[in-house]
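Trainee: I've just opened this one and I'm new to it. Could you walk me through it?
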Amino acid sequence: MKDKGKAFINTIGCQMNVYDSEKLAGILTAYGYEKTRNMDEADLILCNTCSIRHKAEEKAFSFLGRFAREKKKRPHLITIMAGCVAQQEGEKAFDRVPHLDIVLGTQAFARLGSHLDELASGKRRIVDTAESDVIFEAMPDESAFDETQVSKFVTIMQGCENFCTYCVVPYVRGREKSRGHESIVKETRALADSGIREITLLGQNVNSYGVKDGDISFPELLEKVSQVEGIRRIRFATSHPKDLSDGLIKAMGRLDKVCNHLHLPVQSGSNAVLKKMNRGYTRETYLSRISALKEACPDMALSTDIIVGFPSETEADFQDTVDMLREVEFDSIFAFAYSDRSSAPAAKFPDQIEEAVKMERLNTLLTIQEIYTEKKNAALVGRDVQVLVEGESQKKRDGFVTENKNMKQMFGRSESNKIVHFPSDQAVIGDLVTIRIENAYPHSLWGRPSGS
Ligand code: SAH
Ligand code: SF4
Ligand code: F3S
């Protein structure tokens with residue numbers, strides 16, 4: 001393959017974009033590009049974009065916009081807008097970024113190579129936002145590997161049909177479709193063979209995996225992936241409370257490799273708001289799912305997503321969300337101020353909340369959550385946790401022993417996805433070690449190998 005120069009990829013957005021960017025990198029490598037981490041030396045710049053909130057969208061436009069001057073100096077420079085903003089904007093992307101060469105929608109990734117050919121033959125301003133029922137599949141690309149990486153994402157479905165009223169995803173990612181399980185298992189096996197020890201299965205709502213396309217169910221998929229030798233841990237995201245089945249709760253309890261951690265976005269604690277969001281559950285049904293989980297897996301760590309300032313959210317509605325934090329005691333939360341998306345119905349809802357009120361509610365929520373994050377971390381002191389080793393810590397914690405010069409301070413993540421630092425002269429990247437926790441900090445834990 002002819003040397004086409006260097007390609008730089010900037011990824012904004014969710015885990016799915018991280019996964020897609022690696023596959024896009026694979027296509028570019030096969031096309032003759034060499035990857036670079038230095039955008040100043042790039043001959044091709046691709047930005048994989050996100051439109052979930054206004055800020056993410058602006059980030060994409062401002063990143064790509066800055067190459068206007070560069071393109072005048074180096075006319076051969078190719079700029080590509082890929083992903084969710086590309087899908088949403090189509091032709092309109094040129095209004096704000098006139099120098100773009102390709103606008104590559106979310107279902108057009110597999111056609112990147114042919115669009116580069118068109119560009120080479122003189123075509124300009126290529127837009128591909130066509131829908132496709134074929135899932136973008138490519139086996140792991142070795143060039144995307146960094147030898148210290150132990151964890152990778154594997155997308156198991158595309159699209160979303162839940163139509164939460166605030167959300168742009170159904171409009172930019174299309175209809176829900178599940179990948180065949182054999183291809184998922186094959187990809188997982190290839191990752192395990194190249195040294196990956198942990199995988200995270202991705203979908204907007206993994207609980208409905210296989211329901212529509214009738215392959216196998218999500219708990220069955222977990223079972224199959226668990227059988228892949230070399231993979232030691234399995235995570236998944238995101239679960240939707242309305243589809244969290246007893247079968248999945250049982251599978252989480254039964255399958256050793258599946259981490260004791262569930263990310264279950266609640267979005268709001270108010271029934272009135274949940275209804276307007278079209279979430280399909282009430283605060284009571286959410287709480288009953290949490291009880292079922294805690295009963296089956298008492299050590300289950302929980303995290304969630306919350307939106308504050310949804311149109312017409314009253315102070316009382318917001319208090320219901322605060323109460324939810326107090327009642328569930330999540331290990332961690334991701335909280336967002338509601339952001340108007342013109343393609344989503346909530347943009348037209350009455351009683352939009354002022355930015356200042358949204359910010360105040362966001363800060364209140366984050367401050368309250370700190371209590372529970374610290375409480376959950378403190379509860380681990382004196383207990384043994386299993387840690388997947390990721391590397392040597394950058395910063396040494398107090399208590400680190402230096403008498404033994406072979407001793408290093410290593411770090412990894414617990415099953416509940418908490419960072420754990422520990423001294424060791426033996427642990428290597430990819431090992432699963434048992435660490436007895438001695439100190440809990442707000443955002444990390446510190447301990448020593450159990451029995452040492
Ligand atoms: N499919 C997943 C995640 C989708 S996006 C789910 O159903 O949970 C990740 C998070 O972004 C959402 O959970 C939600 O909390 C947040 N989000 C989505 N649209 C938003 C908007 N318009 N404004 C603010 N936050 C939003
Ligand atoms: Fe968006 Fe709702 Fe689909 Fe999640 S489930 S991607 S929040 S529409
Ligand atoms: Fe963003 Fe698209 Fe993911 S909108 S959150 S990159 S699915």
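Trainee: Let's start with Thr-304, then. Where is its place?

Mentor: Thr-304 sits in strand β13, and please keep in mind from the outset that we are looking at a predicted model.

Trainee: Is Thr-304 buried or exposed?

Mentor: Thr-304 counts as buried, because its relative accessibility is 0% and the cut-off for buried is under 20%.

Trainee: And what lies 2.7 Å from a polar atom of its side chain?

Mentor: That is the backbone oxygen of Leu-264, which lies 2.7 Å from a polar atom in the side chain of Thr-304.

Trainee: Switching to the ligands, which residues are closest to ligand 1?

Mentor: Ligand 1 is surrounded by 15 residues, and the closest of them are Tyr-166, Gln-204, Gln-267, Asp-305 and Ser-339. Sorted by class, this shell holds seven nonpolar, four polar and four charged residues, and domain 2 (145–259) and domain 3 (261–379) each give at least three residues to the shell.

Trainee: Which side chains have an N or O atom by an oxygen atom of ligand 1?

Mentor: Asp-305 is one of them, with a side-chain N or O atom 2.7 Å from an oxygen atom of ligand 1, and Arg-53 is another, with such an atom 3.1 Å from an oxygen atom of the ligand. For a nitrogen atom of ligand 1, you can look at Gln-204, where a polar side-chain atom lies at 2.8 Å.

Trainee: How much of ligand 1 does the protein cover?

Mentor: On its own, ligand 1 has 540 Å² of accessible area, and the protein covers 90% of that. The elements that contribute two or more residues to the shell are β13 (301–308) and β14 (332–337).

Trainee: What about ligand 2, which residues are around it?

Mentor: Its surroundings include Cys-160, Cys-164 and Cys-167, and among the others are Tyr-166, Gln-204, His-240 and Arg-279. By class, the shell around ligand 2 is made up of seven nonpolar, three polar and one charged residues.

Trainee: And ligand 3, what surrounds that?

Mentor: Around ligand 3 you will find Cys-14, Asn-17, Thr-49, Cys-50, Ser-51, Ile-52, Cys-84, Arg-173 and Gln-204, which by class gives four nonpolar, four polar and one charged residues.

Trainee: Where does Cys-50 lie?

Mentor: Cys-50 lies in the loop between β3 (44–49) and α2 (54–65), and it counts as buried because its relative accessibility is 10%. The C-alpha atoms of Cys-50 and Gly-13 are separated by 4.9 Å, although these two residues are 37 residues apart along the chain.

Trainee: Different topic: what can you tell me about the largest nonpolar core?

Mentor: The core has 54 residues, of which Leu-201, Phe-218 and Phe-236 touch the most other members. Helix α13 (residues 315–328) gives the largest share, five residues, and at least three residues come from each of domain 2 (145–259) and domain 3 (261–379). As general background, nonpolar side chains in soluble globular proteins tend to be buried together.

Trainee: One last residue, Asp-101: is that buried or exposed?

Mentor: Asp-101 counts as buried, because its relative accessibility is 7%. This residue is found in the loop between α5 (93–96) and β5 (102–104), and its side chain is joined to the side chain of Lys-71 by a polar contact of 2.4 Å.

Terms used. Residues are numbered from 1 along each chain as its sequence is written. Chains are lettered from A and ligands numbered from 1 in the order in which they are written. This is a predicted model: local features need pLDDT of at least 70, side-chain atom pairs count only at pLDDT 80 or more; totals for chains, interfaces and linings use all residues. Side-chain values use heavy atoms; hydrogens and water are left out. A residue is near a molecule or strand if one of its heavy atoms lies within 4 Å of it. A polar contact is a pair of N or O atoms within 3.5 Å; within protein, one must be able to donate a hydrogen and the other to accept it, and residues adjacent in sequence count only if both atoms are side-chain atoms. Accessible areas come from the Shrake-Rupley method with a 1.4 Å probe; for residues, only the protein chains shown count as cover. Helices (H or I, at least four residues) and strands (E, at least two) are DSSP runs, numbered from the N terminus. Ala, Val, Leu, Ile, Met, Phe, Trp, Tyr, Cys and Pro count as nonpolar, Asp, Glu, Lys and Arg as charged, and the others, Gly among them, as polar. Domain bounds come from an automatic or database domain assignment. A nonpolar core is a set of buried Ala, Val, Leu, Ile, Met, Phe, Trp, Tyr and Cys residues joined through side-chain atoms within 4.5 Å. Buried means under 20% relative accessible area, exposed over 50%, partly exposed in between (1.4 Å probe, protein chains only).
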